[in-house]
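Welcome! Have the sequence and the 3D view open, try each exercise yourself, and then read the worked solution.

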Amino acid sequence: MKNKNLWTVIVTALIAGLIGGGIAFGVGNYINNRQAESETAVPSGSNSTGTTKTSNVNVNSSQSEKAYSSIKNAVVTVINLKKESSNSNNSLYGSIFGNSSSSSNSSSKSNNLETYAEGSGVIYKKSGNAAYVVTNNHVISGSNAVEIIMSNGKKLSAKVVGKDSVTDLAVLKINSSEVSTVASFGNSNSIKVGETALAIGSPLGSDYATSLTQGIISAKKRTVATTNESGQETGEATVIQTDAAINSGNSGGPLINLAGQVVGINSMKLASSGSSGTSVEGMGFAIPSNEVVTIINQLIEKGKIVRPAIGASLLDLTDITASQQKSILKLPSKVTEGAVIYNTYASSPARNAGLKKYDVVTNLDGTKITSVATLRDKLYKLKVGDSVKISWYRGSTLKTGIIKLTETTSELSSQDK
């Protein structure tokens, strides 16, 4: 089919050429005469001086411009410094969200430290001679030291006040003498799908500091899986989805509304989907400001986030072979999901509630438990000291009880039962 079309084009071109040649032969003298006349004509006008000018155009400032101007000096670049012997290429977070030292133009070295990754942050509080910056935990993860580059290019040392891998948030403290602008938080519950969203940060590092991108709020509450630094799934996070461009280095920077208020902290983007690796555009995610405020207040107060625990080691039921589910757990065939207890701790909430090894937790406080991740996710929404209903299978028998949640399991002695 392609060859037939090609010959048609060739034949058509030849015919057009012959016809065109005939026409050219017939009118050749006329064209030559006109050409000779045109060559002797001189255009009117003078080229003695250049007179082209620019004109002043007054453009009214847009809401986006005003919002950006009100907060840009509070947005900073966050530099993760590591010892020179560290191999930055081994970090998943460094390769996805920050700049490794091999690709960074700002190889900041001090006391045998080098730039390992760069991200973004926003100054949100000033108190005395201290100012506080919120960023992503993964931006500073594994650092030996942290530096801040202000919007004016000034470098400051930063101290890590506290960090939380579950919410991917961290708080840094810097000297306030260079701080002129402090960001304010808006109510993330009040945002609407379709409203304008602006992302500010340092995509690809400090060379592009305080870059602004614009988009909309694509979804207010999108659930995404969360993982810890070793890649283990720890639960799910509820985040804001936006199509404002978020690139490597934007992590930790603010997502703002047109009033210049921070409504989210940019944390991640979806670049590909599924095993097919389908390319994805315009899917960035930010931690809602309401959650950010809750976390950073705790980090300043305690240096860590206190979360409840049941005092047991767990496995996903789906990780247990079918033969073991039948011979050891002895579950009903209808039970296909849950969190399996393989170890309880002395004096733990789980032990006190009557749970034992090989029990399968299927419900906590009215939420269906399908995996360890969903159990943790539910726990993180509760408070230390809460007493909640828990349901589990022991063999084919469904049991229920009340479990009082404790702070941690780190100080509980391990003992199988």
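## Getting started

Of the 417 residues of the protein chain, 42% are classed as buried, where buried means under 20% relative accessible area, exposed means over 50%, and partly exposed lies in between (1.4 Å probe, protein chains only). This is a predicted model, in which local features need pLDDT of at least 70 and side-chain atom pairs count only at pLDDT 80 or more, while totals for chains, interfaces and linings use all residues. Residues are numbered from 1 along each chain as its sequence is written, and side-chain values use heavy atoms, with hydrogens and water left out.

## Exercise 1: The chain as a whole

Describe the secondary structure, the surface and the contacts of the protein chain.

Step 1. The secondary structure comes to eight helices and 20 strands; helices (H or I, at least four residues) and strands (E, at least two) are DSSP runs, numbered from the N terminus.

Step 2. The accessible surface is about 22,600 Å², and carbon and sulfur atoms hold 48% of it. Such areas come from the Shrake-Rupley method with a 1.4 Å probe; for residues, only the protein chains shown count as cover.

Step 3. Take the contacts between residues at least 6 apart in sequence: 66% of them join residues at least 24 apart. Contact means heavy atoms within 4.5 Å.

## Exercise 2: Nonpolar cores

Find the residues with the most contacts inside the largest nonpolar core.

Step 1. Start with the rule: a nonpolar core is a set of buried Ala, Val, Leu, Ile, Met, Phe, Trp, Tyr and Cys residues joined through side-chain atoms within 4.5 Å. In soluble globular proteins, nonpolar side chains tend to be buried together.

Step 2. The largest core has 40 residues, and Ile123 and Ile174 have the most contacts inside it.

Step 3. Leaving out residues up to four places away in sequence, the residues that Ile174 touches include Ile123, Val133, Ile148, Met150, Leu156 and Val179. Another core, of 20 residues, lies apart from this one, with Leu355, Leu364, Ile369 and Leu379 among its members.

## Exercise 3: A serine in a loop

Is Ser176 buried or exposed?

Step 1. Locate Ser176 in the loop between strand S6 (169-175) and strand S7 (196-201).

Step 2. Ser176 counts as buried because its relative accessibility is 6%.

Step 3. Beyond its neighbours within four places in sequence, Ser176 is in contact with Lys126, Gly128, Asn129, Ala130 and Ala131.

## Exercise 4: Following Arg307

Which residue meets Arg307 in a salt bridge, and over which ring does its charged end sit?

Step 1. A salt bridge is a side-chain nitrogen of Lys or Arg within 4 Å of a carboxyl oxygen of Asp or Glu. The whole structure has six of them.

Step 2. The partner of Arg307 is Asp164, at 2.6 Å from N to O. Arg307 belongs to the loop between helix H5 (289-302) and strand S15 (312-316), and Asp164 to strand S5 (residues 155-164), 143 residues apart. Both Arg307 and Asp164 are buried.

Step 3. The charged end of Arg307 sits over the ring of Tyr380, 4.9 Å from its centre. To qualify, NZ of Lys or CZ of Arg must be within 6 Å of the ring centre and within 35 degrees of the ring normal. Lys82 also sits over a ring, with its charged end 3.9 Å from the centre of that of Tyr116.

## Exercise 5: Helix H8 and a salt bridge

How many of the residues of helix H8 are buried, and which residue forms a salt bridge with Asp377?

Step 1. Helix H8 (residues 372-379) has seven of its eight residues buried. Among them are Val372, Leu375, Asp377 and Leu379.

Step 2. Asp377 pairs with Lys381 in a salt bridge, the closest N and O atoms being 3.1 Å apart.

Step 3. Compare the partners: Asp377 is buried, with a relative accessible area of 14%, whereas Lys381 is exposed at 55%.

## Exercise 6: Helix H5 and a distant leucine

How many residues separate Leu299 and Leu169 in sequence?

Step 1. Leu299 lies in helix H5, and its relative accessible area of 0% makes it buried.

Step 2. Leu299 and Leu169 are 130 residues apart in sequence and 9.3 Å apart in space, C-alpha to C-alpha.

Step 3. Setting aside residues up to four places away in sequence, Leu299 touches Leu169 and also, among others, Val161, Ala170, Val171 and Ile305.
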